[in-house]
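Biologist: I have just opened this structure and would love a friendly tour. Could you walk me through it, one question at a time?

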Amino acid sequence: MPAVPSPHAPERAASGLGSVRARNGTLKTAAKNWQLYLLIAPVLAYFIIFHYAPMYGLQIAFKDFIATKGITGSSWVGFKHFKQFFQSYYASRIILNTLGVSAMQLIIGFPMPILLAIMINELRGSKFKRTVQTVTYAPHFLSAVVLVGIMIIFLSPRSGLVNQIIAFFGGERIAFFGEPGWFKTLYVLSDVWQNMGWASIIYLAALAGIDPQQYEAAVIDGAGKLQKIIHITIPGLLPTAIILLILNLGTLMSVGFEKVYLMQNDLNLDSSEIISTYVYKKGLLGAQYSFSAAVGLFNSVINFILLIVVNGLSRRVSKTSLW
């Protein structure tokens with residue numbers, strides 16, 4: 001009996017042919033623009049080598065890792081190290097310190113580049129504008145070691161300029177690095193001073209994309225400078241600001257290690273011990289590799305969840321999101 005052809009056979013053949021053509025078209029496009037792919041290759045290699053390949057080692061967070069046995073030879077222990085961290089005396093303090101520094105950095109540090117970009121955009125003299133940009137960008141290129149060294153010199157209780165001014169006006173000298181209450185303020189304000197100029201670049205680029213005719217129409221309608229900023233400049237910056245806010249909230253639990261570790265001492269440890277410094281001390285100095293991997297994994301998972309949630313909320317509320 002002859003086989004009866006399926007009625008869907010032509011559709012399947014057409015879809016298969018379409019996928020082959022699409023694949024060939026993609027290969028032709030890639031071959032045509034090979035220079036662009038060559039430019040992005042180092043970035044892809046960086047993320048693959050230093051971000052994705054090490055994810056294989058995350059399994060030691062669920063094992064009692066022994067270096068002589070290796071990752072595969074070490075025994076599985078489940079959530080033992082996570083329980084050990086959450087039941088420890090330091091867990092709540094470390095998490096609160098991390099959240100406190102990140103929240104303060106977000107509340108104070110996030111709006112400052114926007115304000116700086118708006119102020120630079122309102123300057124009319126091109127030479128003065130370039131000078132302001134250069135002066136505000138420059139601190140970004142200071143290393144954490146140099147920055148903390150400058151802070152120690154200026155804030156020294158005996159010879160620091162700040163304490164000299166305080167003493168001159170009759171106040172008591174302050175041991176800024178020795179009092180836990182000052183740590184978050186010093187960290188955040190120094191970070192704002194160092195990075196707000198560099199962070200304002202992307203907002204200046206967004207401002208350059210606003211149609212000048214909108215400002216001209218506003219002037220004709222009698223709008224003042226403040227009204228133009230409120231009704232034209234800020235709405236023009238809003239999509240960029242929302243995207244950057246999502247990215248910042250997605251790294252809420254990730255506070256920079258180097259600067260915190262350099263500013264840290266036994267006197268301010270109550271407020272300066274955060275997850276990254278704790279992981280360093282336990283993992284590298286204390287050789288508790290599995291325990292530190294568990295703490296670091298917990299930190300990354302929280303950041304991932306925050307990124308997903310904030311992106312979803314932004315997509316619903318403002319129609320602007322990363323994906």
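Here is a short conversation about this predicted model.

Biologist: Let's begin with the core. Which helix gives the largest share of the largest nonpolar core?

Modeller: Nonpolar side chains tend to be buried together in soluble globular proteins. Here the largest nonpolar core has 25 residues, and those with the most contacts inside it include Phe110, Ile114, Tyr203 and Leu204. The elements that give two or more residues to this core are α6, α10, α11 and α12. The largest share, eight residues, comes from α12.

Biologist: Which residues does Leu207 contact, leaving aside its neighbours within four places in sequence?

Modeller: Leu207 is among the residues with the most contacts inside the largest core, and so is Leu237. Leaving aside neighbours within four places in sequence, the contacts of Leu207 are Ala117, Ile118, Asn121, Thr233 and Leu237.

Biologist: How many residues are in the other core that lies apart from it?

Modeller: Among the residues of that other core are Leu155, Ile174, Phe183 and Met263. Its residue count is 17.

Biologist: Now to helix α7. How far does α7 reach from its first C-alpha to its last?

Modeller: Helix α7 covers residues 126-137, which makes twelve residues. At 1.5 Å a residue, the expected reach is 16 Å, and α7 comes close to that. From first C-alpha to last, the helix reaches 16 Å.

Biologist: Are the buried residues of α7 on the same side or on opposite sides of the helix, and how wide is their arc?

Modeller: The buried residues of α7 are Gln133, Thr136 and Tyr137. They are on the same side of α7, because the arc they cover around the axis is only 100 degrees.

Biologist: Which exposed residues sit on the face of α7 turned away from its buried side, and what covers the buried residues?

Modeller: The face turned away carries Lys127, Phe128, Thr134 and Val135, which are exposed. The buried residues of α7 have a cover that includes α6 (111-122) and α10 (180-208).

Biologist: Let's turn to a single residue. Is Thr98 buried or exposed, and what is its relative accessible area?

Modeller: Thr98 has its place in helix α5, residues 91-109. Leaving aside neighbours within four places in sequence, Thr98 is in contact with Leu252, Met253, Val255, Ile274 and Ile275. Buried means under 20% relative accessible area. Thr98 is therefore buried, with a relative accessible area of 1%.

Biologist: Which backbone oxygen does the side chain of Thr98 reach?

Modeller: The distance for this polar contact is 2.8 Å. The backbone oxygen reached by the Thr98 side chain belongs to Ile94.

Biologist: How many salt bridges does a search of the whole structure find?

Modeller: Side chains of opposite charge can pair when their charged atoms come close. A search of the whole structure gives a count of three.

Biologist: How many residues apart in sequence are the parts that Asp64 and Lys80 tie together?

Modeller: Asp64 and Lys80 form a salt bridge, with their closest N and O atoms 3.3 Å apart. Asp64 lies in strand β1 and Lys80 in helix α4, so the parts tied together are separated in sequence by 16 residues.

Biologist: And how many residues apart in sequence are the parts tied together by Asp270 and Arg93?

Modeller: The side chains of Asp270 and Arg93 meet in a salt bridge at 3.0 Å, N to O. Asp270 lies in helix α14 and Arg93 in helix α5, so the distance in sequence between the parts is 177 residues.

Biologist: In the salt bridge between Glu273 and Lys281, which residue is buried?

Modeller: These two side chains meet at 3.3 Å, N to O. Lys281 counts as partly exposed, at 24% relative accessibility. With a relative accessible area of 6%, the buried residue is Glu273.

Biologist: One last puzzle about the backbone. Where does Ala287 lie, given its positive phi?

Modeller: Ala287 is not a glycine, yet its phi is positive, about 60 degrees. Ala287 counts as partly exposed, at 42% relative accessibility. Its place is the loop between α15 (275-285) and α16 (289-317).

Biologist: Is Lys319 buried or exposed?

Modeller: Lys319 also has a positive phi without being a glycine, at about 65 degrees. Lys319 lies in the segment after α16. At 69% relative accessibility, Lys319 counts as exposed.

Notes
Residues numbered from 1 in each chain as written. Predicted model: local features only at pLDDT ≥ 70, side-chain atom pairs only at ≥ 80, totals over all residues. Heavy atoms only, no water. Helix = DSSP H or I, 4+ residues; strand = E, 2+ residues; numbered from the N terminus. Expected span 1.5 Å × (residues − 1). Buried < 20%, exposed > 50% of the residue type's maximum accessible area, 1.4 Å probe, protein only. Arc of directions from axis to C-beta. Contact = heavy atoms within 4.5 Å. Polar contact = N/O pair within 3.5 Å; in protein donor to acceptor, adjacent residues only side chain to side chain. Salt bridge = Lys/Arg side-chain N within 4 Å of Asp/Glu carboxyl O. Core = buried A, V, L, I, M, F, W, Y, C linked by side-chain atoms within 4.5 Å.
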